[in-house]
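Trainee: I've got the model open and could use a hand reading it. Can we go through the chain contacts and then the ligand site?

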Amino acid sequence: MTGASLVVTDLRVEFSGFVAVGGVSFDAHPGEVRFLIGPNGAGKTTCIDAVTGLTKGTGSARLGDEELLGKQVHKIVRLGVGRTFQTASVFDELTVLQNLDIAAGLRRSPVSLLRARRGVDPSIEQALEETGLAGELATPAGILSHGQKQWLEIAMLLVQDAKVLLLDEPVAGMSHDERTATGELLQRIAAKRIVLVVEHDMDFMRRFATRVTVLHQGQVLSQGTVAEVQADPQVQEVYLGTAGAATTAAMAVVPEPLKPTED
Amino acid sequence: MTKLKPWISLSGIGVFAVLLLAVAPLVLTDHWLNNLGKYCCWAIAAVGIGLAWGRGGMLVMGQGVFFALGAYAMAMHLTLETAGDRVPGFMVLYDPLAPLPVFWEPFRSAGFTLLAIVLLPVIVAGVLGYALFKRRVKGAYFAILTQALAVALATLISSTIRETGGDTGLSDFKYFFGFVLNDPANKLLVYLIAAALLIVCLLAVWQFYRSRFGELLVATRDAEERVRFLGYDPANVKLVAFVVSALMASIGGAMFVPIVGIITPAEIGAAASILMIAGVALGGRASLFGPALGAMAVGWGQSSLGSTWPDGWTYILGLLFIVVILFLPNGLSSLPARFAALRRRSPAEQPAPALAGAELEEVRS
Amino acid sequence: GDDTAGAGSSAAASCVDTSGDTVKLGFLNSLTGGMAISEKTVSNVLHMAADEINADGGILGKKIEYVQEDGATDWPTFAEKTEKLLTQDCVAAIFGGWTSSSRKAVKPVVEKFNGLFFYPVQYEGLESSPNIYYTGATTNQQIIPAMDFLASKGVKTLFLAGSDYVFPRTANAIIKLYAAKLGIKIVGEEYVPLDKDDWTSQVAKIVAAKPDFIFNTINGSSNVGFIKAYYDAGLTPAKTPIISVSIAEEEAPAMGHEVTGNYASWNYFQSLETDTNPKFIKSWKAYPNSSGVTSDPMEAAYISLHLYKALVEAAGSFDVNAVNAAAKAKPITFDAPEGKVTLDGENHHISKPGHIGRINADNQFDIVWASDGFIKPDPYLEGYDWFPADIRKQLTDAAG
Amino acid sequence: MDALIAPLLNGSAQGALLLLAALGLSLTFGQMGVINMAHGEFLMIGAFAAYLVQQVVTASNLSIPVALPVAFVVAGLFGLLLEVTIIRWMYRRPLDTLLVTVGVGLILQQAALQIFPSQGVPVEKPGWLDGQLTVLGYNWPLRQLFTILLATACVAALSAWLKYTSFGRRIRATVHNRDLAETTGISTRSIDRLTFFVGSGLAGVAGVTASLIGGTNSQMGAQYIIPAFLVVAAGGIGQLRGTVIAAWAVGVALSFFAYWTTGSLAQVLAFILVIVFLQLRPQGLFTVRTRSLA
Amino acid sequence: MLEITDIEAGYGRTRALHGVTVPTGKVVAVLGHNGAGKTTLLRLAIGLIKPTKGRVLFDGEDISSLAPNKRVARGMAYVPQGQQSFGQLTTMENLQLVADGRRRGKALLDAQLARFPALEKFATRKAGLLSGGQRQQLAIARALITEPKLLILDEPTEGIQPTIVAEIEQTIMQLAGEGINVLLVEQHIGFALEAAERYVVLASGFVTHTGEGGSAAASTVRAAMAI
Ligand SMILES: Nc1ncnc2c1ncn2[C@@H]1O[C@H](COP(=O)(O)OP(=O)(O)OP(=O)(O)O)[C@@H](O)[C@H]1O
Ligand SMILES: Nc1ncnc2c1ncn2[C@@H]1O[C@H](COP(=O)(O)OP(=O)(O)OP(=O)(O)O)[C@@H](O)[C@H]1O
Ligand SMILES: NC(N)=O
Ligand SMILES: [Mg+2]
Ligand SMILES: [Mg+2]
């Protein structure tokens, strides 16, 4: 199934009458870092929820030949779809190693579950290297910082060998350098996998996105390259800000003063 | 939740086995040996609760149900063995002409009885657990539901006097699979079986805890939904732990019958189920030895303190719940680690908890 | 392991030691749990009887030294404590128990160790054991007199209300047999678990069934709920009276005026006028922690200890076999508050007078009916042709 | 007709008592997440309070109306004491509150057994509750009507308090996230104490009613605790509306089962019914969903 | 107004802050990598954790042992990291919670609704069902209703859409202009320093740099924080 794409067609999610996602279509392919952006409440997280089985949705979401909608969460995961959460969730009582070992366990036989672990799986070692968590091997995940937990989540997806990584605001709360490191990590990962990122950090998006889909009020507002999307006046209006480039610059490395302040 | 090195735990079980199987029969009177046998039965059930609750986060407040399955299966067999061809005496009065109830018949067979002791809890816990876990019933709901189930079963047994002996229970067994129960030698044999079964259960959970399944169980306890997103069905993980713990309760119940000589609905109802938990909490819910030792301690307290000072024992038991849960949520077995922590004063030198340290060594070796 | 102070001796032979100037006796009552509300009093009156006997010089000149054990309303605990009393404490005899379930738990243990158990509460009969003495009523001393009383009042229809356990179920089985003989129709039969107080649904059925009388075999606090539901429903002793076998002077006060006018069948009432009763009442009222009223079960418990003294002194020994032989050798009697009772050495029950009392405004009982003298105990109802012989045979076979 | 109307009316009254017992739990369990197994003993305290009031207010017509607020306050104070000494340390460990309060319940029961006459004490029903109301040919005891009215009044007062007052909002906020509530300026300590006081006080009110139905003794609380928890669970955590419906349904079911089968079997069947229901709707009748994974 | 001097604090046996002193100023930015201890410092400031050593003064008064709600009553407000709201309460109830019992409560509430239109739109929805950004807006609105003297913000723009980020940043500047003191944790160093009068950089719980704010400081800080 290597090389299969994630194709979402006419996805709809309703919550007792409220249409959170109203017919969204997009696709994502291995080799690209796909961004999903849009105003707060646009339905980005809900899209991911629907694709991963957390929320019921109609329409279609296919990974290669497999329809994902309607399957149970763990079955979808077994098809190779992994995700992270807007608020990081790892197993606080277990160490980093144990967290990763559980993530890697998916491919093991039930009998091996009954045996004790011996040594560290090579795939885990590699994921630790990639995410820079090697030094935290024995740290209980509960006392990792916010950002470290997010890396741990990504590492768990790596050892899980997920073909699709759906990342909900993976760099929220990270410092600039950490964002850069994470972005580069995603680029490396994306070489062989599908990576879909939800983010509000436009600087981050500009640096690492290959293609962008913009959602607004549960609909696709715009789709294309970073430059195309940024140039879209509609996107500027509802998301980037009326001042377009100027507001975007507020997020940039060297911001322009927004408004003079008198002390 | 100190994690001991595997060989330490294993030799601990060894020492425990020697104490129970060799030392105890030599030094204890028949009466106290019999009592110790009874505590072993509770300890077997407690080991299961430790697995389900301590590691799996499922507070089973109705372990009496599974205790009952084993106990009543065994008691029905022993009752029939004692009655021979006749209908058991207690049934006669309510309907002298009616035959033995149908569900009693197969328990004439020793093989069926043994099979039932193992399979009944597996089937019942399997179906019940599947239904509850798939529907994501957990936490307090699960606790209260299982407790309600225990109460319902106890009430049902109490009210079916001809079929089950009712509130009076089943008692007055003369034989145990052909052995005369009144014979002290056979009593010793029964005790040894119970003690050996306890050791076997400890070994089983020892392996569980050090296995990957043990880690997965803890992960499921702490973040069930997250486990789902790693491709596991947490319902199955919990189901395994629940079924195993039910099986242990059933075994405990089955051995309780020949040792104590009577089983009644009171041994399986709300109070009894909670008392089993008291032992587990006292010893340390997530530790290996805690549940068993805690259950034995509570049993012993009941026999000895409950004897010399009955009113006081109730207060002590009440206070035990309060003090242990409040100050020692991980039970008495967490005391050594706490003292150790006190001795190592400076927190800066000791940033990682004990768990991490042990884990590290395990990885490096 | 377990480090308890085992005496080291094996349990096989009796370890009772009466060589000193005391004799050890065991008292076994539920001091905690649900039945404590009833059994505490029995325990207390046993203490009073022991004090009395000790003040009087003891048994065979030996002072009673008692070991009080808690049965904790748990039948296996009753069994365990019986074994402990017999093999660890080496008591010469055990006194106590209340529910029939507790007695059935004790029975195999006293039989196994050839001990003695004195049981003080009215019960369902159909039992006798060489190791148990029954000082409460068997069915022909309480249930049957009550039925005779009902027949004498011309009762035609009867409703049975009981707690869901062995005594009420068995008692009602017997009542139904006798009612058929007496031509009384049973128009309903309801049971509620011992630990449940709410009788409203069942009383609604009683209202609908309109019986002439209600036969009440409810035990414990559930009685309060029954009486309240009865009163709430507008049932009255004038039209639908109750006859109870487990409401006595102890229980009635907790029911207030709502129980007034109803009946109870017992052997002993506080209002009984005998030579010995005033002294018994006086001692009890003065006794520490006493409830202030005397009642049938506590009187039977009082009898049990005195009867034991009489038995041992007749045997000249504390040995169980000697005691049992003495019981058979000649009739042992005791001048009890209910009158002079005589022990039947064969079935180990005592003769008792039957009385029906009616509850007055003070929650005391006015005696309205008395049997023709003392009734000989007949636990297997051998003197009653309406009791099926085949059941009797099956029961005795199963027991033997 | 009687076969239908009698169980329906009796059951409604039974449900009302269950509701009174469950109401306080729905606060302390539903709103605060505390599984108070000593709630039954608070109910017992309310009943004993009613008895003590009757020793002072001897006019039996007056004593019960006086006993209701007194029992509320007395049981409430016991609850407050429990909160201040024990529960306050345990808000992050809901399952552990269950075990701790089992211990508290044991102690309270034993204390009551030793303090009061072991057989229990009489609580006299006021004269104005004597008699029956004829409903479709069935003579419905007035006391049952009283139970229903009392339960209705308590539910109305409680739900208004929770829904429309700032106290109510604060309670709900504290339940949801203690740290956040605290940093929002809510004194979570006072909210905890107040909530626990009211929840336990309601048990006291239930106790007064229970004392008119069954015995007033050390064991009385035990028979209400499990059914009351089942009612709260079946209604949906923190959902008063659900608690009301569940209590009524369980009461009526109990009564119908008792009418058609036996008293014991009715208990069993009612329990099974609730368990099966909860299997079908694990979050109870009414559910609150959030998006968090926790 | 808020003085934090020589603080040591942590979680259980883990110490997260070592001898931290925060410079005083109208707007103080706290910078640092993941896990540096920024959130811990703010939790300490509002009183959710207690220092094992050191002093916390507010308006000259030692508040080290004061419960958080008392600190709020004295004029501090806190917006925690991670878009926290009372999920079971509606948006409106979340706001009423803080408006209750305040003199100008209603007016303050309306002002916030005007500032964040999404909140007005979803006034009757349970806050637990809002999107992450909506919840963050709600959290800020809640803090502002209390008319704080000192506003403690933990990454207030995390997970917020750019238009609203701009608005929040504007709001912060504006509040600072109105004389409200701000203790701010921000990953957008540019904005943080722009707004800040002083800044402090934390690394592994130690203070590594402090200095005056202003855009000019950005390159210094960035150099200091380079991995
Ligand atoms: N279970 C639910 N019930 C009702 N409404 C919901 C539910 N889940 C989400 N919503 C609504 O659906 C809309 C989309 O939410 P979603 O979380 O997908 O937004 P988002 O694009 O991820 O926003 P953000 O960037 O703020 O995280 C929001 O208005 C939210 O309030
Ligand atoms: N509840 C906790 N228990 C134990 N240690 C904790 C806890 N919370 C945080 N820590 C530890 O304290 C240190 C500081 O964490 P803190 O959350 O203050 O970092 P931060 O600077 O806010 O990071 P981020 O930018 O990721 O939010 C980290 O090493 C973290 O592991
Ligand atoms: N013997 C009785 N009352 O159980
Ligand atoms: Mg989102
Ligand atoms: Mg932080």
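Mentor: Sure. Keep in mind that this is a predicted model. Chain B and chain D bury about 3400 Å² between them, with 79% of it on carbon and sulfur atoms.

Trainee: Which residues of chain B lose the most area to chain D?

Mentor: Start with the make-up of the contact, which takes 38 residues from chain B and 39 residues from chain D. On the chain B side, three residues lose the most area, together 20% of what that side buries. They are B:Tyr141, B:Ile144 and B:Tyr315.

Trainee: Which residues form the salt bridge between chain B and chain D?

Mentor: The rule finds 1 salt bridge across that interface. Its closest N and O atoms are 3.0 Å apart, inside the 4 Å cut-off. The partners are D:Asp96 and B:Arg285.

Trainee: How many residue pairs are in polar contact between chain B and chain D?

Mentor: A polar contact needs N or O atoms within 3.5 Å, and both residues of a pair have to be at pLDDT 80 or more here. With that in place, the count is 10 residue pairs.

Trainee: Which element gives the most to the side of chain B that touches chain D?

Mentor: Four helices of chain B give two or more residues each: H5 (110-134), H6 (139-159), H12 (270-283) and H14 (310-327). With 14 residues, the one that gives the most is H6(B).

Trainee: And how do the residues on that side of chain B divide into nonpolar, polar and charged?

Mentor: Tyr counts as nonpolar in this scheme. The split comes out as 26 nonpolar, 7 polar and 5 charged.

Trainee: On to the ligand. Why is the site of ligand 2 shared between chains?

Mentor: Of the 19 residues around ligand 2, those that come nearest are A:Ile143, E:Asn34, E:Gly35, E:Thr39 and E:Thr40. The site is shared because the residues surrounding ligand 2 come from chains A and E.

Trainee: Which element supplies the largest share of the shell around ligand 2?

Mentor: Helix H6 (146-159) of chain A and helix H1 (38-46) of chain E each supply at least two residues. The largest share, 3 residues, comes from H1(E).

Trainee: What percentage of the area that ligand 2 exposes when taken alone does the protein bury?

Mentor: Look at the polar partners before the area: an oxygen atom of ligand 2 is 2.6 Å from a side-chain N or O atom of E:Thr39, and an oxygen of the ligand is 3.1 Å from one in the side chain of E:Gln81. A backbone N or O atom of E:Ala36 also lies 3.1 Å from a ligand oxygen. Taken alone, ligand 2 exposes 630 Å², and the share buried by the protein is 81%.

How values were computed:
Residues numbered from 1 in each chain as written. Chains lettered and ligands numbered in written order. Predicted model: local features only at pLDDT ≥ 70, side-chain atom pairs only at ≥ 80, totals over all residues. Heavy atoms only, no water. Near = heavy atom within 4 Å. Polar contact = N/O pair within 3.5 Å; in protein donor to acceptor, adjacent residues only side chain to side chain. Areas by Shrake-Rupley, 256 points an atom, 1.4 Å probe, with all protein chains shown as cover. Contact = heavy atoms within 4.5 Å. Buried area = accessible area lost by both parts, 1.4 Å probe. Salt bridge = Lys/Arg side-chain N within 4 Å of Asp/Glu carboxyl O.
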